Amino acid sequence: MDPSFIFYLIAALLVLVGIAGIVLPALPGIPLVFAGLLVAAWADGFVHVGWVPLTVLGLLTLTSFAVDVLATVVGARRVGASRKALWGTFVGSIVGLLFMPIGLFVGPLVGALLGEYWHTRELGRSTKVGLATWLGILLGLALKLALVIAMLGIFAFAWFF
């Protein structure tokens, strides 16, 4: 058996787990996709994909960290969320993992809502903060998905052209 086959298999698994990690907050999605693409390029001896596309992929991976943090914070801050709401979002995301798949989407919303309610004791405002935070998370999810599609496109372009 050709050892490069095993490397390509590992690369494909890393990319697939990375794509799942875009939705599952416990997994570092885009870094796993990058690792998979790097392994695939390495398995080929960097013949098809060289340092320029890999550098671009690395920069997109770094961009994903900013997207992860900023999308949620921007959504929450636009409506003046408190620190307790942001912590509630974090805790809600972790607790939501226990109730997958619905918990992934409901956990951050409920966490932000409860955190803001704990801070202000205003249900209307807390609901608004919870929804804004949740929309920020969805925006981040969409942006990370776009980054992964761009990364796969850049890799494929470099491989075939």
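**Entry 1. Overall fold**

I took helices (H or I, at least four residues) and strands (E, at least two) as DSSP runs, numbered from the N terminus. The model I examined is a predicted one. On that basis I counted 6 helices and 0 strands in the chain. Followed along the sequence, the pattern reads α-α-α-α-α-α.

I then looked up the overall extent. The C-alpha trace spans about 65 × 30 × 20 Å along its principal axes. The chain has 161 residues, of which 37% count as buried. I also checked the range of the contacts: among those with a separation of 6 or more, 65% join residues 24 or more positions apart.

**Entry 2. Nonpolar cores**

I next asked which residues have the most contacts inside the largest nonpolar core. They are Leu-37, Val-49, Leu-57, Met-151 and Phe-155, in a core of 19 residues. Two or more residues of this core come from each of helix H1 (3–23), helix H2 (29–43), helix H3 (51–77) and helix H6 (123–160). The greatest contribution is that of H2, with 6 residues.

Apart from this core I found another, made of 6 residues, including Ala-76, Val-79, Ala-85 and Val-129.

I looked up Leu-57 individually. Setting aside neighbours within four places in sequence, I listed Phe-34, Leu-37, Met-151, Ile-154 and Phe-155 as its contacts.

**Entry 3. Leu-54**

Leu-54 is also in helix H3. Is Leu-54 buried or exposed? Its relative accessible area is 11%, and I therefore entered Leu-54 as buried, the limit being under 20%. Not counting residues up to four places away in sequence, Leu-54 touches Phe-34, Leu-38, Ala-41, Phe-46 and Val-49. I also noted a C-alpha separation of 9.5 Å between Leu-54 and Met-151, which are 97 residues apart along the chain.

**Entry 4. Two positive phi values**

I looked up two residues other than glycine with positive phi. Phe-46, one of the residues touched by Leu-54, has phi near 60°. Phe-46 sits in the loop between H2 and H3. With a relative accessible area of 38%, Phe-46 is partly exposed.

For Arg-121, phi is likewise positive and near 60°. Where does Arg-121 lie? I located Arg-121 in the loop between helix H5 (102–120) and H6. Arg-121 has a relative accessible area of 53% and is recorded as exposed, because exposed means over 50%.

**Entry 5. H5 against H6**

I then turned to the two helices joined by that loop. The axes of H5 and H6 cross at roughly 145° and come within 8 Å. I recorded the crossing as right-handed.

On the H5 side, the residues in contact are Phe-105, Pro-108, Leu-109, Ala-112, Leu-113, Glu-116, Tyr-117 and Thr-120. On the H6 side, I listed Leu-123, Arg-125, Ser-126, Thr-127, Val-129, Gly-130, Leu-131, Thr-133, Trp-134, Ile-137 and Leu-138. By type, the residues of this contact comprise 12 nonpolar, 5 polar and 2 charged. Val-129, on the H6 side, is also among the residues of the core of 6.

**Entry 6. Lys-84**

I placed Lys-84 in helix H4 (residues 83–96). Lys-84 is partly exposed, at a relative accessible area of 33%. Which residues does Lys-84 touch, not counting those up to four places away in sequence? I found Gly-115, Trp-118 and His-119. Between Lys-84 and Thr-120, 36 residues apart in sequence, the C-alpha to C-alpha distance is 9.8 Å.

**Entry 7. Aromatic rings**

How many aromatic pairs does the structure hold? I counted 5. A pair of aromatic rings is described by the distance of the centres and the angle of the planes. For Phe-157 and Phe-161 I noted 5.0 Å centre to centre and 40° between the planes, a tilted pair. Phe-157 is exposed, with a relative accessible area of 55%. Phe-161 is also exposed, at 74% relative accessibility.

Finally, I recorded a cluster in which ring pairs link Tyr-8, Phe-155 and Trp-159. Phe-155 had already appeared among the residues with the most contacts inside the largest nonpolar core, and also among the contacts of Leu-57.

Key: Residues numbered from 1 in each chain as written. Predicted model: local features only at pLDDT ≥ 70, side-chain atom pairs only at ≥ 80, totals over all residues. Heavy atoms only, no water. Core = buried A, V, L, I, M, F, W, Y, C linked by side-chain atoms within 4.5 Å. Buried < 20%, exposed > 50% of the residue type's maximum accessible area, 1.4 Å probe, protein only. Contact = heavy atoms within 4.5 Å. Axes fitted to C-alpha atoms, helices over the stretch in contact; angles between N-to-C directions. Left-handed = near helix turned anticlockwise from the far one by under 90°. Nonpolar A, V, L, I, M, F, W, Y, C, P; charged D, E, K, R; others polar. Phe/Tyr/Trp six-rings, centres within 6.5 Å; stacked < 30°, edge-to-face > 60°.
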